[in-house]
Each structure stands twice: as C-alpha cells, then as structure tokens.
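This report looks at one protein model from the inside outwards, taking up a single acidic residue, then the ion pairs, and then the enclosed and open spaces. The sequence and the structure are shown below.

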Amino acid sequence: MTLPDAPTQHLQVVPLDDANRAATVDFLRGNDDRPRGRAFERWRYSDGPSMEALIALAGDRCVATMFSMRRRWLTPGGPVEALEPFEWHASEAWRAQAPGFRIVRQRMREPRPMIAVAGTDQAADLLRKLKWAEVTSAYKYALPLSGRWLAMRGRGPAVCAAFDRVGPFVFAPRRVREAGLEVEVAGAYAEEVPALARTQRRFALMREPDPVTWAWLQRAPASVGHYVAFHARRGGRLIGWGTGRVFQNGAVRVGELLEVFCVDAHRDATAGLVREMSAVLAGFGVDALVATTTCPDMTTALRALRFRPDDIRPVLAWWGPGGVPAGPILVDGAIGDHAFYPVPPAAAAAWLEGGAATP
C-alpha cells in the first residue's frame, strides 16, 4: 500500500482548537449517534485538561480525527509523558487521500510515545502496518447479574428468566471483611496515591494515577456515568486504590472496575480490594460488572468471583528509539477513552440528563 507522506492543497492536518472545534463535533456527530447537549459537548470536546486531538481538514470541513489522552507512564527510567490515542475516525469520501494515516504518521514524528488498546481488528491491523509493536493483550471480563445482560448477549427469554430467578443470589458479590484490610469509598484519590504508584517495580510500564483527569471525569454529565474511588488500607496505611464507573449502556446498567492496584509488598490484598469494589458497584443495581486488565493478580481475583472472559484486545505501542521497555505492562479500563466510553445515544442521553436514571 502506498501512502501519501505530505498533505495536498486540499487536505491539512492541524490540532483541534476553537476555530475548528465546531466542524470536528459535526463530523463526530455524523460518525455515530452520540449526546448532543451543550453540557456534554463542552465537557467532552473543550474542558478535558489532559485531552488533545489532531484533525484533518478539507477546507473548513473535518474529515478525520485522532484524539489522545496525555498521561504519565512509569518506566524503569522514570516517568514519561505518553499519549493514549482513541477516536481514530476518517471519512470514507476521503479514503483515497488517507487522512487517518496522515494523522497517525504526524503523531509518530513527535517525540512522545503512544500506547493504545485497539478497539477494532481493522485499527489493530493498520497500526501493525505502521510498525507499532504489539506489546500485550488486554482481557475484558464480565460478571452477569441479571437476565437483561444475557439478553443483550443474545440469550433467549427462557434462559434470561431462569437466570433472574437464581443468578443474582449465586453471582452477586458480597462485602466480606478481610482481617486487617479496610476498603473505603472516596470521591478522589488520596493525596499520596501518585507517589505510592512510583514505588512499584513489577511492571515495566504502568500509567501513573492522574488526579487531574479523575476530577474531570467526576464533572461529567449524568449521561456519562457516576465515578467512585476506593482506597485499601492495612493498619491505617494506604496500600492500594481503585476507581470505578456506573453507567447506562442501552437497556442495561453496568458497573465497571476501571483501575485496581495494590503496591508490591501488599499485592495479596488485590483479591480483597476487587471483591469490595465489586460489591459496592453491584449495589448500584447494575445488570453486570465488567473489568479490563493485563494484571495477573487482578485476573485471579476476578475469576475467583466468577467473572468470565468476555473479549480480548491487542495493546499496541509506538515508543520511538530503544523500543518499549522490556517487562510486564499494566493496562486497565482507564486507558484512552475507556473510562468514558460507551456513552448513550442522543435521545437516551437527554433522558438521563433529565435526572430519570442518575446513579
């Protein structure tokens, strides 16, 4: 495949800014049915303190996008600012000029590395062709708690009805106090969380907890969901943390474990933290719990609670000279836009914004 390296007079790649924001929002509205309220669009496209984007313009029309979250990743050599790309879309009408490739190639010329969970097989294949390294696989797990979740997965009415009679009693996580472990629900990260994360040594790559982005998530409109933080302590000392989201996805209500981490010396507390988080999120009346992770300790904890594998996605990275640091990589449900995706379609979002189903 031959790809153009330089823009033509008809197409230019530029950063998202106030001058082209409206054109970008119009393009994304046409890409799928998403919330259209002023509150959502201001929060999503203007207010994100860690978000940036490159777009392709044909005249004054946006024809392609790539958004990114700007985060600090912990490496053996110290923290590194990296981009987590998402919403890589391109207009079919401009396919011949490859606007999507131009955007990602422009990003690849920058010094900042990038790491992403490929949302589709097509995106993964395109990044592989551009010589991104496939560094690990992210596993998504799900724990059904109602027949509505099974119906969304294509199971028949009889199976769903039977599950509703017995499933919640069998599968619903319950809070079980583990001796010496205290898990508290919080609104924000404890002040010491980022510094504590920097003490870990078992992952060669791990995103540093990001209080600024977390505060932005908590300002999200009701249609995006409700966010909860957790802290794990032993003897009053902070030894782990987590974050979660409760949101509406079509007819079902979902609780998602976004981040879960216990420091190296207390990684055995992961199971207790996952159990407590799951029980709290289930208490929001969700139809299922989900989680995405590459962490072996979290995987073991999820399986013990009867979570089952639901999907697997490749994780790809562009890390520049020297390549990706060797060793295990921690990717979770907070990478890229995963912490605020999916969002409900416009009509459902308007209903949620009216307060009909606020968590």
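Is Glu41 buried or exposed? In this model, which is a predicted one, Glu41 is buried because its relative accessible area is 14%, and buried stands for values under 20%. The residue belongs to helix α2, which covers residues 38-45. Its side chain reaches the side chain of Arg29 in a polar contact of 2.9 Å. When residues up to four places away in sequence are set aside, Glu41 touches Val25, Arg29, Pro35, Arg36 and Ser46, and Arg29 is thus both a polar partner and one of the residues in this contact list.

**Salt bridges**

Over the whole structure, 34 salt bridges are found. Three of them are set out here, with the distance taken between nitrogen and oxygen.

| Basic residue | Acidic residue | N to O distance |
|---|---|---|
| Arg72 | Glu208 | 3.4 Å |
| Arg202 | Asp264 | 2.6 Å |
| Arg267 | Asp297 | 3.0 Å |

The closest N and O atoms of Arg72 and Glu208 are 3.4 Å apart in their salt bridge. Since Arg72 sits in strand β3 and Glu208 in the loop between β8 and α8, the pair ties together parts that are 136 residues apart in sequence. Arg72 is partly exposed, with a relative accessible area of 41%, whereas Glu208 is buried, at 8%.

A salt bridge also joins the side chains of Arg202 and Asp264, at 2.6 Å from N to O. Arg202 lies in the loop between α7 (193-197) and β8, while Asp264 lies in the loop between β11 and α9 (270-282), so this pair ties together parts that are 62 residues apart in sequence. Here the basic partner, Arg202, counts as buried at 16% relative accessibility, and the acidic partner, Asp264, counts as partly exposed at 27%.

For Arg267 and Asp297, whose side chains meet at 3.0 Å from N to O, the link again runs between distant parts of the chain, with Arg267 in the loop between β11 and α9, Asp297 in helix α10 (residues 296-304), and their positions 30 residues apart. Arg267 is partly exposed, with a relative accessible area of 39%, and Asp297 counts as buried at 19%. Elsewhere, Glu52, Arg70, Glu81, Arg107, Glu110 and Arg112 are joined into one network by salt bridges that share partners.

**Enclosed spaces**

Rolling a probe the size of a water molecule over the atoms shows where empty space is left. In this model the search gives four cavities of 30 Å³ or more.

The largest cavity holds about 90 Å³ of space. Its lining consists of 14 residues, and those nearest its centre are Arg71, Thr213, Leu217, Ala334 and Ala339. At least two lining residues come from each of β3 (61-75), α8 (211-218) and β11 (252-262), and α8 provides the largest share, with three residues. By class, this lining is made up of eight nonpolar, three polar and three charged residues.

The volume of the second largest cavity is about 80 Å³. What lines the second largest cavity? The residues are Met206, Arg207, Pro209, Trp241, Glu259, Val260, Phe261, Leu330 and Asp332. Both β8 (205-207) and β11 supply at least two of them, with β11 giving the most, three residues. The lining contains six nonpolar and three charged residues, and no polar ones. Strand β11 therefore recurs in the account of these spaces, as it supplies at least two residues to the lining of the largest cavity and three to that of the second largest.

**An open pocket**

The second largest pocket contains about 160 Å³ of space. Around it are Leu74, Thr75, Pro76, Gly78, Pro79, Ala197, Arg198, Gln200, Arg201, Phe203 and Ala204. Of the secondary-structure elements, β3 and β4 (78-90) each supply at least two residues of this lining. Six of the lining residues are nonpolar, three are polar and two are charged.

Conventions:
Residues are numbered from 1 along each chain as its sequence is written. This is a predicted model: local features need pLDDT of at least 70, side-chain atom pairs count only at pLDDT 80 or more; totals for chains, interfaces and linings use all residues. Side-chain values use heavy atoms; hydrogens and water are left out. On a 1 Å grid over the protein atoms alone, a cavity is a set of points where a 1.4 Å probe fits but cannot get out, and a pocket is an open set with protein on both sides within 12 Å along at least five of seven lines; lining residues have an atom within 4 Å of a point. Grid points are joined across faces, edges and corners, and a volume is the space filled by probe spheres set on the points. Helices (H or I, at least four residues) and strands (E, at least two) are DSSP runs, numbered from the N terminus. Ala, Val, Leu, Ile, Met, Phe, Trp, Tyr, Cys and Pro count as nonpolar, Asp, Glu, Lys and Arg as charged, and the others, Gly among them, as polar. Buried means under 20% relative accessible area, exposed over 50%, partly exposed in between (1.4 Å probe, protein chains only). A polar contact is a pair of N or O atoms within 3.5 Å; within protein, one must be able to donate a hydrogen and the other to accept it, and residues adjacent in sequence count only if both atoms are side-chain atoms. Contact means heavy atoms within 4.5 Å. A salt bridge is a side-chain nitrogen of Lys or Arg within 4 Å of a carboxyl oxygen of Asp or Glu.
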